[in-house]
Amino acid sequence: MKFPLTRNELFFAAVYFVQAAVGISGMAQFLFTRNELGLSFIELGILAALPTISWSIKPIYGFLTDLVPIGGYRRRPYLHILPLVTILSWLWIWQFSDSFITFAITLMIANVGLGFTDVICDGLVVQQSDKKTAGRFQSICWGSLTVGAIISTFFSGLLLGREILD
């Protein structure tokens with residue numbers, strides 16, 4: 001019996017799912033920064049805008065991975081290092097962020113890691129696509145993004161409801 005998705009297709013699905021599912025942290029992030037850190041509305045607005053900076057400079061990530069190989073590889077090392085950077089950034093926020101500055105810097109680093117991973121995944125999708133697989137790959141990517149968004153929206157609403165009711 002053949003598994004319905006190849007290893008690369010599973011990777012594509014995982015990257016896009018995580019991009020959407022990370023939205024579940026949005027409500028927790030807002031409550032943490034408002035209630036625990038006591039940030040002002042201006043600071044909260046800045047925190048909401050910061051991730052757009054790291055996502056709007058995505059072309060730089062592509063140039064960097066293509067022009068600065070690590071160990072002779074263009075994408076593979078970045079693909080291993082940057083998700084780890086993202087995870088460590090979120091762990092840092094969880095354990096050590098106690099001010100606007102520490103939260104903002106670490107949030108930017110986490111979003112740069114996600115942006116890099118997105119660019120690398122997009123590059124692999126394009127590199128491995130042909131006339132037969134392009135539609136399949138796009139369906140996997142967009143389907144995973146949609147499922148991740150639905151699940152994170154549902155669970156963030158559920159968690160918020162528990163917070164309000166308890």
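This report walks through the fold, cores and a few individual residues of one predicted protein model.

Since the model is predicted, local features need pLDDT of at least 70 and side-chain atom pairs count only at pLDDT 80 or more, while totals for chains, interfaces and linings use all residues. Residues are numbered from 1 along each chain as its sequence is written, and side-chain values use heavy atoms, leaving out hydrogens and water.

**Overall picture**

The protein chain has seven helices and zero strands, which reads as α-α-α-α-α-α-α along the sequence. Helices here are DSSP runs (H or I, at least four residues) and strands are E runs of at least two, numbered from the N terminus. The C-alpha trace spans about 50 × 40 × 25 Å along its principal axes.

Of the 166 residues in the chain, 33% are buried. Buried means under 20% relative accessible area, exposed means over 50%, and partly exposed is in between, using a 1.4 Å probe and protein chains only. The accessible surface is about 10,500 Å², with 71% of that belonging to carbon and sulfur atoms; areas come from the Shrake-Rupley method with a 1.4 Å probe, and for residues only the protein chains shown count as cover.

As for contacts (heavy atoms within 4.5 Å), take those in the chain with a separation of 6 or more: 77% of them are between residues 24 or more positions apart.

On the charge side, there are 11 positive and 10 negative side chains, and the centres of the two sets lie 16 Å apart. Lys and Arg count as positive and Asp and Glu as negative, with His and the chain ends not counted. Each charge is placed at NZ of Lys, CZ of Arg, CG of Asp or CD of Glu.

**Two cores**

A nonpolar core is a set of buried Ala, Val, Leu, Ile, Met, Phe, Trp, Tyr and Cys residues joined through side-chain atoms within 4.5 Å. The largest one holds 16 residues, and F12, Y78, F116, C121, V125 and C141 touch the most other members. Helices α1 (7-21), α5 (76-96), α6 (100-128) and α7 (134-165) each put in at least two residues, and α6 gives the largest share of this core, six residues. Another core lies apart from it, with ten residues, among them L39, L47, L50 and L107.

Zooming in on V125, and skipping its neighbours within four places in sequence, its contacts are F12, F137, Q138 and C141.

**Helices α2 and α3**

Both of these helices come out close to the expected span, which is 1.5 Å times one less than the number of residues.

| Helix | Residues in helix | First to last C-alpha | Expected span |
|---|---|---|---|
| α2 | 13 residues | 18 Å | 18 Å |
| α3 | 16 residues | 23 Å | 22 Å |

After α2 comes G38, with a positive phi near 65°. In α3 (residues 41-56), the buried residues are L44, L47, L50, P51 and S54. They pack against α2 (24-36), α4 (58-67) and α6. For reading such a pattern, an α-helix has 3.6 residues a turn, so residues three or four places apart point the same way.

S56 also sits in α3. S56 counts as exposed because its relative accessibility is 54%. From S56 to N35 is 29 Å, C-alpha to C-alpha, across 21 residues of sequence.

**Residues of α4**

Start with T65, which is placed in helix α4. T65 is buried, because its relative accessible area is 3%. Leaving aside neighbours within four places in sequence, T65 is in contact with R74, Y78, F116 and I120. For the pair T65 and Y78, 13 residues apart along the chain, the C-alpha separation is 7.2 Å.

G62 is found in α4 too, and G62 counts as buried at 16% relative accessibility. Its C-alpha is 38 Å from that of N35, with their positions 27 residues apart along the chain.

L67, another residue in α4, goes the other way: L67 is exposed because its relative accessible area is 65%. The C-alpha atoms of L67 and S40 are 41 Å apart, and the two residues are 27 residues apart along the chain.
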